[in-house]
Amino acid sequence: MQSQKLIHPSKYFGIEIQKIEFEKIFSNNWIFAAMESDLTENNSYLTLEIFEYPIVIRNFKGELKAFQNICPHRFNKIHTETKGNGIFICKYHNWSFDKDGKPKTIPQKHTFDTNCNEFNCLKVKSLSLAKVGKFIFFTLNPNAPTIESYLGIFYFKLLEISNAINNNFYFDDDVQKINWKIVVENVIEAYHCPAIHQETLYGMGFCRKPEANDEYYNGHSVADYPKIDDASTENKILKYLQNREFQHETFRHYFIFPNLLISSTEATSIYVGNILPINSEKTILRKRFYDSKFKNDFEPKKTIHDAFLEMVKISINKILLEDKVVLEQVQKNMPFVNQTYFLGTEEKRIVQFHKKYLETIS
Ligand code: FES
Ligand SMILES: [Fe+2]
C-alpha cells in the first residue's frame, strides 16, 4: 500500500488545483447531474453548479435537455432556483427560449440589429445529456466517449439500481467546508464506521466484516459491507420490507467517478449523493433519499411506511453529519501536512480513486 501513488495534500486547497480539476476532470467526463424524479413534469427544471459553472436541466414535454444556465443576452443566470417549474425565461429582460435554446420571444425585438438568422447565433449553450435508467448525466465535452463506454459494467449496475428505486422522499443541499475529494474518499471506505457510526451503521450490524465483492472500472467502484450473521434486531424491521423488489443483505456502496455516490442499506432505502464542488475548500452535498419498489404492486400501509421513511431520513442525515464533523477537520489540516495518506487494505477503493484522479489530471 505504501508504494501506491496517491494524491498529495497540496491538491486539496487553493485556486490552482480547482482550475486544473475543472478543465481536466469536470469538463471532460460525464458528470452526474439529476435524477428522473427531479424532472417528471413538463417545464420542470433543476439547476446545479460545478465550481460555479451554472447548469440547468429542463423537461420539454418529456424531452430532457441540458444547458449552460447563462442568458445569451447579457449573461444573467436564467433559472436561479434549485428546482422549479416554469417556462424557459430569463427574468432580466424577459427573453424566453425554446427547447433548442433558441430565443423564442424577445421584447422589442426590432430594436436589435443582428445579421444572424432568427437570432440563431444567440442560443443558450446546450450541453450533451445522457440518461441511464433514472440517472441523468451531462458533459461539457462535445467529443466525450459514449456514456456506455464511460461507465462500462457500471452502466448495467445503474440500470439495476434504477429498477429498485421508487419514490424520492427527501431532497436537500448541504454546504460542507470540505474539498470534494475528501467527501468521496470517506464514502468509499467503511473502515471509519466502528469509530464514528457506532449507533447507526455499526449498530445495525454493518462494518464488522471485511469489505467484499469490490469491482472497479474507469475510476468507478462498488463494494459490499456485509452484516454480521446475528444482527437479529435490525432484521425485525417492519415485516413488509420483505416484499421489496431488489434485495441484498449488505450495505452496498457505489461510486461513479467523479461525483455520484449511491448507497443501499439492504435495498430497504437508497441514498443518492451528488457531489457539487463550489471551490477547492467547499462542496455541496446534494442528498436524495428513495424508498424501494415493492413486488407485485404491494401497497404498504401508509402510516407504517411514513414512519419508516421518517426513521430513514433521520438515520441517514445523522450518519452524514457524523462524517461532516470529522471531514471538515481533515480539510483544515491539509495545508499542514506534506505526505500522502497511509492506507490499509480496507481503504483500497481510495487507491483506485487516486489512481484515476492522477491519470486524469496529468
Ligand atoms: S440578460 Fe437575459 S434577457 Fe437580458
Ligand atoms: Fe461515514
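1. A good place to start is the overall layout: the centres of domain 1 and domain 2, taken over C-alpha atoms, are separated by 31 Å. Please keep in mind that this is a predicted model. The domain assignment places domain 1 at residues 31-143 and domain 2 at residues 166-361. Their contact draws on 19 residues from domain 1 and 20 residues from domain 2.

2. How much area do domain 1 and domain 2 bury between them? The figure is about 1400 Å², and 62% of it falls on carbon and sulfur atoms. For a bench reader, it may help to recall that interface size is often quoted as the accessible area lost when the parts come together.

3. Next, the polar side of this interface. Six residue pairs are in polar contact across the interface of domain 1 and domain 2, with both residues of each pair at pLDDT 80 or more. As for which elements of domain 1 touch domain 2, those giving two or more residues are strand 1 (31-35), strand 2 (44-50) and strand 9 (135-139). Sorted by class, that side of domain 1 holds 11 nonpolar, three polar and five charged residues.

4. How many salt bridges cross the interface of domain 1 and domain 2? The rule finds one. Arg 288 and Asp 38 form a salt bridge through their side chains, with 2.7 Å from N to O. In general, side chains of opposite charge can pair when their charged atoms come close.

5. Looking at the whole structure, there are 22 salt bridges. One that I would look at on screen joins the side chains of Asp 174 and Lys 324, at 3.1 Å from N to O. The two residues sit in distant parts of the chain, with Asp 174 in strand 10 (residues 165-176) and Lys 324 in helix 8 (residues 302-333), 150 residues apart. Are these partners buried or exposed? Asp 174 has a relative accessible area of 18% and is buried. Lys 324, at 15% relative accessibility, counts as buried too.

6. Asp 214 and Lys 348 make another salt bridge, and their closest N and O atoms are 3.6 Å apart. Asp 214 belongs to strand 11 (residues 212-217) and Lys 348 to helix 9 (residues 348-361), so this pair ties together parts that lie 134 residues apart in sequence. Here Asp 214 counts as partly exposed, at 25% relative accessibility. Its partner Lys 348 is partly exposed as well, with a relative accessible area of 27%.

7. A further pair is the salt bridge between Lys 227 and Glu 266, whose closest N and O atoms are 3.0 Å apart. Where do these two residues lie? Lys 227 is in the loop between strand 12 (220-226) and helix 7 (232-235), while Glu 266 is in the loop between strand 14 (260-265) and strand 15 (269-279). The pair links distant parts of the chain, 39 residues apart. Both Lys 227 and Glu 266 are buried.

8. Salt bridges can also be followed beyond a single pair: Glu 63, Lys 65, Lys 99 and Asp 100 are linked in a network of them.

9. Finally, a word on Gln 18, which lies in helix 1 (residues 15-26). Gln 18 is buried, with a relative accessible area of 13%. What does Gln 18 contact, leaving aside its neighbours within four places in sequence? Its partners are Phe 51, Ile 278, Asn 279 and Ser 280.

Terms used:
Residues are numbered from 1 along each chain as its sequence is written. Chains are lettered from A and ligands numbered from 1 in the order in which they are written. This is a predicted model: local features need pLDDT of at least 70, side-chain atom pairs count only at pLDDT 80 or more; totals for chains, interfaces and linings use all residues. Side-chain values use heavy atoms; hydrogens and water are left out. Domain bounds come from an automatic or database domain assignment. Contact means heavy atoms within 4.5 Å. Buried area is the accessible area (1.4 Å probe) that two parts lose on being put together, summed over both. A salt bridge is a side-chain nitrogen of Lys or Arg within 4 Å of a carboxyl oxygen of Asp or Glu. A polar contact is a pair of N or O atoms within 3.5 Å; within protein, one must be able to donate a hydrogen and the other to accept it, and residues adjacent in sequence count only if both atoms are side-chain atoms. Helices (H or I, at least four residues) and strands (E, at least two) are DSSP runs, numbered from the N terminus. Ala, Val, Leu, Ile, Met, Phe, Trp, Tyr, Cys and Pro count as nonpolar, Asp, Glu, Lys and Arg as charged, and the others, Gly among them, as polar. Buried means under 20% relative accessible area, exposed over 50%, partly exposed in between (1.4 Å probe, protein chains only).
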